[in-house]
Amino acid sequence: QVQLVEAGGGLVQPGGPLRLSCVASGFIFSRYNMGWSRQAPGKQREMVADITNGGTTTYADSVKGRFTVYRDNFKNTLYLQMNDLKPEDTAVYYCARRTGGYWGQGTQVTVSS
């Protein structure tokens, strides 16, 4: 079965970096478009960054220039490098396989001094 397991969340100070990872299993990772979404308290889940099976990336306007999504198809792993983090980036971050609506369990990112 499809499994997506995120890791790397935590507490970080404003301006700091953090890298999330998502290990995928149960499907041929390299064939699928993948992405990251997030949900802050009291808000709807929103797309943060997507990457196609060919490596084309798309970002939400709020994270452009600060976040980078990339993938390692040999390791079946999706990454989200987050730099210059802001308090408004605080949310639960979810890894997703965009086809079929599969989600990971989420990892909490808190940006606070």
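From the N terminus on, the protein chain runs β-β-β-β-β-β-β-β-β-β-β. Helices (H or I, at least four residues) and strands (E, at least two) are DSSP runs, numbered from the N terminus. The model is predicted: local features need pLDDT of at least 70, side-chain atom pairs count only at pLDDT 80 or more, and totals for chains, interfaces and linings use all residues. Residues are numbered from 1 along each chain as its sequence is written, and side-chain values use heavy atoms, with hydrogens and water left out.

**Exercise 1. Overall form**

Task: State how many helices and strands the protein chain has, and how its radius of gyration compares with the globule rule.

Solution.
1. The protein chain has 11 strands and zero helices.
2. The radius of gyration is taken over C-alpha atoms, and the globule rule is 2.2 Å times the number of residues to the power 0.38.
3. For 113 residues the rule gives 13 Å; the radius of gyration of the protein chain is 13 Å, close to that value, so the chain is as compact as a globular protein of that length.
4. The C-alpha trace spans about 40 × 25 × 25 Å along its principal axes.
5. Contact means heavy atoms within 4.5 Å. Of the contacts with a separation of 6 or more, 54% are between residues 24 or more positions apart.

**Exercise 2. The core**

Task: Find which residues have the most contacts inside the largest nonpolar core, and which strand gives the largest share of this core.

Solution.
1. Buried means under 20% relative accessible area, exposed over 50%, and partly exposed in between (1.4 Å probe, protein chains only). Of the 113 residues, 40% count as buried.
2. A nonpolar core is a set of buried Ala, Val, Leu, Ile, Met, Phe, Trp, Tyr and Cys residues joined through side-chain atoms within 4.5 Å.
3. The largest such core has 28 residues, and Trp36, Leu78, Leu80, Met82 and Tyr93 have the most contacts inside it.
4. At least two residues of this core come from each of S3 (18-25), S4 (34-39), S5 (46-51), S7 (67-72), S8 (77-82), S9 (91-97) and S11 (107-111).
5. S3 gives the largest share, four residues.
6. As a general background, nonpolar side chains tend to be buried together in soluble globular proteins.
7. Take Tyr93 as a case: leaving aside neighbours within four places in sequence, its contacts include Leu20, Val48, Phe67, Leu80, Met82 and Val109.

**Exercise 3. The disulfide**

Task: Locate the disulfide and say which strands hold its two cysteines.

Solution.
1. A disulfide is counted when a pair of cysteine sulfur atoms lies within 2.5 Å.
2. The whole structure contains one disulfide.
3. Its partners are Cys22 and Cys95, with sulfur atoms 2.1 Å apart.
4. Cys22 is in strand S3 and Cys95 in strand S9, so the pair ties together parts that are 73 residues apart in sequence.
5. The angle about the S-S bond is -70°, and the link of Cys22 and Cys95 is left-handed.
6. Cys22 has 0% relative accessibility and counts as buried; Cys95, also at 0%, counts as buried.

**Exercise 4. Salt bridges**

Task: Count the salt bridges and describe the pairs formed by Asp50, by Asp61 and by Lys86.

Solution.
1. A salt bridge is a side-chain nitrogen of Lys or Arg within 4 Å of a carboxyl oxygen of Asp or Glu. The count comes to six.
2. Asp50 pairs with Arg98, with the closest N and O atoms 2.7 Å apart. This pair links distant parts of the chain, 48 residues apart: Asp50 is in strand S5, and Arg98 is in the loop between S9 and S10.
3. Arg98 is partly exposed, at 28% relative accessibility.
4. Asp61 forms a salt bridge with Lys64 (3.1 Å, N to O), and both residues are exposed.
5. Lys86 pairs with Asp84, with the closest N and O atoms 3.6 Å apart.
6. Arg38, Glu46, Arg66 and Asp89 are linked in a salt-bridge network.

**Exercise 5. Positive phi**

Task: Say where Asn76 and Asp84 lie, and whether each is buried, partly exposed or exposed.

Solution.
1. Asn76 is not a glycine, yet has a positive phi of about 50°. Asn76 lies in the loop between S7 and S8 and is partly exposed, at 28% relative accessible area.
2. Asp84, not a glycine either, has a positive phi of about 50°. Asp84 lies in the loop between S8 and S9 and counts as partly exposed, at 38% relative accessibility.
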